[in-house]
Amino acid sequence: MQNFEWSKLPFGYFKTDYNVRCFYRNGQWGEIEISSSETINIHMAATCLHYGQEAFEGMKAYRGKDGRVRLFRSEENAKRMQKSAEGIMMAKPPLDLFHKMVVKAVKLNDKYVPPHGTGASLYIRPLLIGTGVQVGVNPAKEYMLVIFVAPVGPYFKEGFNPVSIQIARDYDRAAPQGTGSIKVGGNYAGSLQPSERAKAEGFASVLFLDAKENKYIDEAGPANFFGIKGNKYITPESTSILPSITNKSIMQLAKDEGLEVEQRKVPVEELEEFEEVGACGTAAIITPIKKIVDRKTGKAYEFCKDGKAGPISTKLYKKLQAIQFGDEPDPHGWVSFVE
Ligand code: PLP
Ligand code: COI
């Protein structure tokens, strides 16, 4: 991978050498298998294809200046995959199996972990699917966990430059008592129509409101939302958003910086009062937002008047990335090494 333009990588699929797989059959998980095939062979009546028994995770491996490869809070992803599995009645991968598979997938594809300083990282995608056969609506008896990786750049092509997003009141991402708080494919299927429309209308993403009252901010496409007001970092509390590991970490970093953190309902009108707003997630890292347009009313909320990310978002972004890439100490013990 010499002379490869790592810093120009988009966020997307990239063929690597290996993926790892493990099957759940007869009530137990089997041995970890290494594969170099990009395809999987499943029964046409597998529950993942019909009844949405599918959950995934998203995490990254980062190469430090010292050449060592780091994972960021990977145990949180393992626990969230267990919650997702539980939420749609799938077999739960044990935490140590998940960890072993992640480490194996990264190690086997070491040459695809981008060099330090390029801004790129290795995206890790664990996928859990029901492979057992059912025609009635029932959970499968067999499952497959597959983990593949891909070197990636920023999720939004703007990178750390501010993006515009659109409030879509005519679509809900997830119901308050539904599956919004777990990482299952169905949530993303429901987001495709409004997000494709938003892109066609010139926006990077959609800002979803709560499905019940259509009053409070839920999340920003595939990322959590936050706003800065004075000395406060404010982020929505909702039963229909994904508990973001990045957001949880930024909340801690904000506290470390002496900010007050509020996790509560955030009414749309409060956008008027924020000095900075942004989206955060593994793929999005911190993406500053310059403009939010309410598609229904035409009302626009503007930020980053000088075209740049605000000072607090910038500070939090730099701090988070410095810990992830090993450029600064890791005071909370979030980083582990792939060795
Ligand atoms: N919200 C949604 C809907 C997501 O898909 C993601 C991505 O995983 C996030 C938030 C951010 O979560 P995390 O920071 O754990 O990647
Ligand atoms: C992530 O941030 O890791 C995501 O999963 C976002 C998206 C690609 C679904």
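**Compactness, cores and ligand shell of a predicted model**

User: What makes the protein chain agree with a compact globule?

Analyst: For 339 residues a compact globule would have a radius of gyration near 20 Å, and the protein chain has 20 Å, so the two agree. The radius is taken over C-alpha atoms, and the globule rule is 2.2 Å times the number of residues to the power 0.38. This is a predicted model, in which local features need pLDDT of at least 70, side-chain atom pairs count only at pLDDT 80 or more, and totals for chains, interfaces and linings use all residues. Residues are numbered from 1 along each chain as its sequence is written, while chains are lettered from A and ligands numbered from 1 in the order in which they are written.

User: What share of the residues is called buried?

Analyst: Buried residues make up 47% of the 339. A residue is buried if 20 or more other C-beta atoms, placed from the backbone, lie within 10 Å of its own, exposed if 12 or fewer, and partly exposed in between.

User: Why is Gly58 counted among the residues around ligand 1?

Analyst: A residue is near a molecule if its C-beta atom, placed from the backbone, lies within 6 Å of it. Gly58 is listed around ligand 1, as are Glu219 and Asn247, among others.

User: Which helix gives the most to the shell around ligand 1?

Analyst: Helix α5, residues 245-256, gives the most, with three residues. Helices (H or I, at least four residues) and strands (E, at least two) are DSSP runs, numbered from the N terminus. The protein chain has six helices and 18 strands.
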